[in-house]
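Colleague: I am new to reading interfaces and salt bridges. Can we go through them one at a time?

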Amino acid sequence: MAVRQVSREGIEVFQFHPVVVVLVPLIALYLQNTLPVRFPRFALFDLPLLVTVFFAVARRNQISGTVTGCLIGLVQDSFTHQPLGLFGIAKSVVGFAASSIGAKVDVENPGSRLILMFCFALLHNAVYMWVARGLAQLPLPWNWGERLGSALLNALVSIVLFHYLDKLKRRR
Amino acid sequence: MENFFTRFRKETIVAGILLAQIILLAMQVQVTGNTTADPNQKITLIRSWAEAMVAPFQRATIHTGQALRAVWSDYVDLRDVREENEKLNAEVNRLRLEQARYQQDAAQGRRLQSLLEFKEQLITHTLAAQVIGTSGTDLSRVLYVDRGSNDGVMNGMAVVTPDGIVGKILHADSNRSQVLLINDVTSGAGVMLERQRIKGVLKGSNSGRPEIINVMADEKIEPGDKVITTGGDGVYPKGLSVGTVESVTPDKERDPFLLIRVKPAVNLPELEEVLIITEMAVRTPGAMETGSGSGTTRAADLLSLRLPSAKKKVDETSATIGTATVTPVVNPLVPKSTDGKITAIRPTTTTTTNIQTENKSNAAGTDKKKPTDPVTVPKKQTPDGRDSGH
């Protein structure tokens, strides 16, 4: 269950087929925007965030993690009516953090994934709220119960999702 | 990945710079013109790309799911239909009797309205639309519908169901539109309590329950009191159902005022079909009008005719909206018109033709009927996508 710290040399770096890199985030964004029509509770999940973290952790490269988060976040922003960049900034920060941590600790086992994803989801929400309230002046309050619940749900889903996404990894 | 960067260092840097510039460009460049409902309105390029990328798939998914459900419910799962039909026939007979009584009341009401020169708002044209997507987050309560400027949808148009109001068009693209729901924090509408006739502003909240602010109550407001639109915001027609009062508390931020939490009449998170009000009219009712026989259609009749899924709910919902509509409140913003004439308040032209006939011919919701009769006054509403609020 504990996050195991290993040496940099001991951590595998993975790469993905370009089709996977493009298609997986697109599918995640598509599902995120379509499924709540039939299942309103699905809005509690954040599939684009899970995909951002997965790619960032697997590649373990801070630049690609940040860029991936930035692009996914910007597209996600475009589906809302709020200013572009709220999700973009939040996911860029998470992408950077995930790839940084991915380069230092082993995040391949479900226990560590659960803890890390929970923390990343909270970090994402915190950055989003900070930017939304501080820069965009949006009247969004921080609801601890809702945010913690959402982070926990995303963390639980990440275990299942990452298990299947692992099959798309290619060793360098 | 490190090897990749070492090997293709220059290419990577160039690609990175280009990508950064494309992103910056997409965030700044704005598209104008014929793809949007309002020629003056601009949309960022990245928003336009994202919508164009996902919309076809969303539409295909929703429509396929709908077709499969229709096959199941219309051909396969027909258990108890005969029994239900008998029950419905009995219900129809009961409602016919009730309708006859209401017609008398309505005729009397119109005679009085005519005498007092009351103005009433009529929904003359609506467009049925399918919900195909959402923002995907509770932090932005918007929906996407499969109708856009090509179908005559414009920014600022009201979106409703037979149960009540839903929101308004925030941005109409060529083939789809973004709807801002009434429970979003940036949303606003002019409303009043039906029993007390107290007016206020309906604002969205983070909890998803809209709230009425700026209300100082002289009369007691109780949970369960009905809330309807005032028509004064220039977006929603007067008298449409908004919801019921859920709780009344002192507003901590605005001390002498009350904070009234409203339970929306429409189940906002589970909407599948909506109606976009593309045309409204204001007129003084004729003294001899008798409701259904007059050739005009009340808001509730119109709404109930247009949504396939609403047919079941017609009985209960028509009463809600219908009651509100046949009791119009004088709106000081509405221009005066002569007796019996309709005053258009939509950007397009309007008509005094038989609306009921028009509805039936447009039941599929794909129509763009051009009116034929003269129009008195051009639009009052400003479809700028912003809330006039109240």
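Modeller: Start with a term. A polar contact is a pair of N or O atoms within 3.5 Å; within protein, one must be able to donate a hydrogen and the other to accept it, and residues adjacent in sequence count only if both atoms are side-chain atoms. This is a predicted model, where local features need pLDDT of at least 70, side-chain atom pairs count only at pLDDT 80 or more, and totals for chains, interfaces and linings use all residues. Residues are numbered from 1 along each chain as its sequence is written, chains are lettered from A and ligands numbered from 1 in the order in which they are written, and side-chain values use heavy atoms, with hydrogens and water left out.

Colleague: How many residue pairs are in polar contact across the interface of chain B and chain A?

Modeller: The rule finds 10 such pairs, both residues at pLDDT 80 or more. Among the elements of chain B that each supply at least two residues to the side touching chain A are α2 (9-28), α3 (45-76) and β3 (120-134). Helices (H or I, at least four residues) and strands (E, at least two) are DSSP runs, numbered from the N terminus. α3(B) gives the most, with 11 residues.

Colleague: How is the size of an interface given?

Modeller: Often as the accessible area lost when the parts come together. Here that buried area (1.4 Å probe, summed over both parts) is about 3,500 Å² between chain B and chain A, 62% of it on carbon and sulfur atoms. The contact (heavy atoms within 4.5 Å) takes 46 residues from chain B and 38 residues from chain A.

Colleague: Which side chains meet in a salt bridge with an N to O distance of 3.8 Å?

Modeller: The general idea: side chains of opposite charge can pair when their charged atoms come close. The rule asks for a side-chain nitrogen of Lys or Arg within 4 Å of a carboxyl oxygen of Asp or Glu. A:Arg38 and B:Glu272 meet this way. The count between chain B and chain A is 1. Over all chains, the structure holds 13 salt bridges.

Colleague: What does B:Glu98 form a salt bridge with?

Modeller: With B:Arg94, the closest N and O atoms being 2.9 Å apart. The two are 4 residues apart in helix α4 (residues 81-116) of chain B, so about one helical turn separates them. B:Glu98 is partly exposed at 23% relative accessibility. B:Arg94 is partly exposed too, at 41%. The cut-offs: buried is under 20% relative accessible area, exposed over 50%, partly exposed in between (1.4 Å probe, protein chains only).

Note on methods:
Buried area is the accessible area (1.4 Å probe) that two parts lose on being put together, summed over both.
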